[in-house]
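Here are my comments on the model you sent round. I kept to two topics: enclosed space and cysteines.

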Amino acid sequence: MNKFVVRQSCLLFLTALIWGVAFVAQSVGMDYVEPFTFNAVRCTIGGIVLIPCIGVLAIWKRNKNHILSDKNNIKSDEWTTDKTENLKRIKKRKDLIIGGSACGVLLFISSNFQQVGIQYTTAGKAGFITALYIVIVPVIGIFLHRRSGVKIWIGVVIALFGLYLLCIQENFTLGKGDGLVLVCAVTFSFHIMVVDYFSPKVDGIKMSCIQFFVCGILSSVCMFLFENPQISQILSAYIPILYAGVMSCGIAYTLQIIAQEGMNPTVASLILSMEAVVSVLAGWILLNEALSARELTGCAFMFAAIILAQLPQRQKV
């Protein structure tokens, strides 16, 4: 396994870690505010957090270009008069807007369907159905001519079984809330595929920033149409909202975009599904929720699936 894959895998696992803890924040936040309000505020915060990061990186890149131009005796305005470079910038800007907007719409659908659906189903079913993206992503990949090896498919099956042991505690039936969360799993699968397509083409932090503002604006519209947001309620939930906005949105979703570059989307979805394991552990540590032997077994299967997916392919002789 090369260093690049190890680095990207570690970043994806860090993303899953942050998202797993965010389930606690989402659960606590729902005690104070309604779903669209929670997502509108946290996504707006996530976008705002990234603006200074974009500014700092822009200054760093500008200084780097000046150093390169001075070193090669190239005038700075020559960088902007090259037609080919200008066309590339226009194409990159177009991809950035399209990619960020598409991710924002998909994030809006998935996050809000999940948040609303949790109100009508059990947490165990919601966690299991949401994590079905580990199966949906490789299925979508088939239609996009993105093949996954037998090893990865075996990992998907093992992870799915682990998630079942981890999350399902009662007879599985598809009710109103289950259907809403299933939409979340499907749309988040497409979100992963869109990130996989655009991440090599654009600046990951800028695309992440755009997706949060798009999601925040759409969630705000629904917030004012269907809910009655109160400043006092939002302030009461400031801790879970700040965690979800700064950590889950601003940091974790940006890490996802950066870490998915060059990674097989099916492998990425397997690593990201570790958020289910982390959410259970976070509930145990932060909310004093005990882990049963069945849940611990599910965690073990999940870890086994991730390790299997990361094993290097056998080289053909």
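The points below take the cavity first and the cysteines second.

1. Status. This is a predicted model. Please read every value below as computed from that model.

2. Cavity count and volume. Searching the whole structure for cavities of 30 Å³ or more gives one. The volume of the largest cavity is about 190 Å³.

3. Lining. The largest cavity has 15 lining residues. Nearest its centre lie Gln 26, Gln 114, Phe 188, Tyr 253 and Glu 275. Four helices each give two or more residues to this lining: H1 (3-29), H4 (83-117), H8 (176-198) and H11 (238-260). H1 gives the most, with four residues.

4. Chemistry of the lining. Seven of the lining residues of the largest cavity are nonpolar, six are polar and two are charged.

5. Disulfides. How many disulfides does the structure hold? Zero. The cut-off is a pair of cysteine sulfur atoms within 2.5 Å. For Cys 209, the closest cysteine sulfur is that of Cys 53, at 9.2 Å, so the distance is too far for a bond. Cys 249 is in no disulfide either. Its nearest cysteine sulfur belongs to Cys 43 and is 4.2 Å away.

6. Exposure of these cysteines. Are Cys 209 and Cys 249 buried or exposed? Cys 209 counts as buried because its relative accessibility is 8%, and the cut-off for buried is under 20%. Cys 249 has 1% relative accessibility, so Cys 249 counts as buried too.

Terms used. Residues are numbered from 1 along each chain as its sequence is written. This is a predicted model: local features need pLDDT of at least 70, side-chain atom pairs count only at pLDDT 80 or more; totals for chains, interfaces and linings use all residues. Side-chain values use heavy atoms; hydrogens and water are left out. On a 1 Å grid over the protein atoms alone, a cavity is a set of points where a 1.4 Å probe fits but cannot get out, and a pocket is an open set with protein on both sides within 12 Å along at least five of seven lines; lining residues have an atom within 4 Å of a point. Grid points are joined across faces, edges and corners, and a volume is the space filled by probe spheres set on the points. Ala, Val, Leu, Ile, Met, Phe, Trp, Tyr, Cys and Pro count as nonpolar, Asp, Glu, Lys and Arg as charged, and the others, Gly among them, as polar. Buried means under 20% relative accessible area, exposed over 50%, partly exposed in between (1.4 Å probe, protein chains only).
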